[in-house]
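Thank you all for making time this morning. I would like to walk you through one structure, so please have the sequence and the coordinates open while I talk.

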Amino acid sequence: MNKSFFTTKLTPVIAIVLCYILYLSGYFYIIIAALLLIIASAIEYKKELFSSLGFQRKNLNIKSLLIVAPLLGIGIFLFYGYVMMPIVTYLTGQPIDFSVFEPYKGNLPASLSLLALIWASAAFGEEIVFRGYLMRQFTKFFGSSKISLVINILLFGFVFGWIHAYQGISGQILSGITGMLLAVIFHIRKSDLWFNIAVHGFIDTVALVYMYYGWL
């Protein structure tokens, strides 16, 4: 077995299998998964570790990250809350299960702690795992044709919804759609992970504000 095969083919497979085993064991945390995949990227790409995930210095644009990304994040959340949520809950006959967030309603200290966790786990963690690693590895293995891209977006959108099972079937569907939208943004922005992290973070920040005031 040559070194190139191990680093470019076997390492990603092992890393993804380990994440799946953790998920099945009940000890899956997105931050741990992100760290595992960062290590896998370090083995495969070495000095190009961060750029391989989409962390490119040229994309650190203040206007994009602090103006465009927040506006897009807010827009996606409003589309999620006022368009997609009524449609999906009508079709499934089940509301989204937000019970896990009940302790944060009207609780400012707890909400601020959750906000920090959201940015670390959801914004950074989920974007590293789903867009920075899985999407780019899929492209590496299966190419960047239109068919490959569509499968890439649908597949990891489905998985993204799957890990949000605690929100019930409606929450899974809506999370899956959100994951697909983030995947499309990642593709359009030419794998700019900084931008995706900012958009994802602001989507969840607005969601937290809604939950704090009991609007969801």
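What follows covers helix packing, then aromatic pairs, and then a few single residues. Please keep in mind throughout that this is a predicted model, so every value I quote is computed from that model.

Let me begin with helix packing, and with the terms in which I will describe it. Two packed helices are described by the angle between their axes and the distance between the axes. For helix α4, residues 62-92, and helix α8, residues 193-212, the angle is about 50 degrees and the axes are 7 Å apart. Angles from 35 to 65 degrees fall in neither the roughly parallel nor the roughly perpendicular class, and α4 and α8 are therefore oblique to each other. Their crossing is right-handed. On the α4 side the contact includes Leu 65, Val 68, Ala 69, Leu 72, Phe 77 and Tyr 82, while α8 contributes, among others, Trp 194, Phe 195, Ala 198, Phe 202 and Tyr 210. If we sort the residues of this contact by character, we find 19 nonpolar and two polar, with no charged residue in the set.

One residue of that contact is worth a separate look, namely Ala 198, which sits in helix α8. Its relative accessibility is 7%, so Ala 198 counts as buried. Leaving out residues up to four places away in sequence, Ala 198 touches Leu 65, Ala 69 and Trp 119. As for its distance to a remote part of the chain, the C-alpha atoms of Ala 198 and Phe 55 are 12 Å apart, although 143 residues separate the two in sequence.

Also in helix α8 is Asn 196, and here I would put a question to the room: is Asn 196 buried or exposed? With a relative accessible area of 0%, Asn 196 is buried. Its contacts, again setting aside neighbours within four places in sequence, are Glu 127, Arg 131, Leu 182, Ile 185 and Phe 186.

The second helix pair is α5, residues 108-142, with α6, and the axes of these two come within 10 Å and cross at roughly 145 degrees. This crossing, too, is right-handed. Among the residues that meet are Glu 126, Phe 130, Arg 131, Leu 134 and Phe 138 in α5, and Ser 148, Ile 151, Asn 152, Phe 156 and Phe 160 in α6. The contact of α5 with α6 divides into 11 nonpolar, three polar and two charged residues.

I turn now to the aromatic rings. A pair of aromatic rings is described by the distance of the centres and the angle of the planes. The count for this model comes to 17 aromatic pairs. One of them is formed by Tyr 23 and Trp 162, a tilted pair with 4.9 Å from centre to centre and 50 degrees between the planes. This pair links distant parts of the chain, since Tyr 23 lies in helix α1, residues 3-25, and Trp 162 in helix α6, residues 146-162, with the two positions 139 residues apart. Both ends are partly exposed, Tyr 23 at 26% relative accessibility and Trp 162 at 32%.

A second pair, Phe 77 with Tyr 80, has ring centres 6.1 Å apart and planes at 25 degrees, so the pair is stacked. Because Phe 77 and Tyr 80 are three residues apart in helix α4, about one helical turn separates them. Phe 77 and Tyr 80 are both buried. They also belong to one aromatic cluster, together with Tyr 82, Tyr 210, Tyr 212, Tyr 213 and Trp 215.

Finally, there are two backbone values that you may wish to check on your own screens. Which residues other than glycine have a positive phi? Lys 46 is one of them, with phi near 55 degrees, and Ser 191 is another, with phi near 60 degrees. Lys 46 is in the loop between α2 and α3, and at 49% relative accessibility it counts as partly exposed. Ser 191 is in the loop between α7 and α8, and with a relative accessible area of 18% it is buried.

Conventions
Residues are numbered from 1 along each chain as its sequence is written. This is a predicted model: local features need pLDDT of at least 70, side-chain atom pairs count only at pLDDT 80 or more; totals for chains, interfaces and linings use all residues. Side-chain values use heavy atoms; hydrogens and water are left out. Axes are lines fitted to C-alpha atoms, for helices over the stretch in contact, and angles run from 0 to 180 degrees between N-to-C directions. Helices (H or I, at least four residues) and strands (E, at least two) are DSSP runs, numbered from the N terminus. Angles under 35 degrees count as roughly parallel, over 145 as roughly antiparallel, 65 to 115 as roughly perpendicular and the rest as oblique. A crossing is left-handed if the near helix is turned anticlockwise from the far one by less than a right angle, and right-handed if clockwise. Contact means heavy atoms within 4.5 Å. Ala, Val, Leu, Ile, Met, Phe, Trp, Tyr, Cys and Pro count as nonpolar, Asp, Glu, Lys and Arg as charged, and the others, Gly among them, as polar. Rings of Phe, Tyr and Trp (its six-membered ring) pair if their centres lie within 6.5 Å; planes under 30 degrees apart count as stacked, over 60 as edge-to-face and the rest as tilted. Buried means under 20% relative accessible area, exposed over 50%, partly exposed in between (1.4 Å probe, protein chains only).
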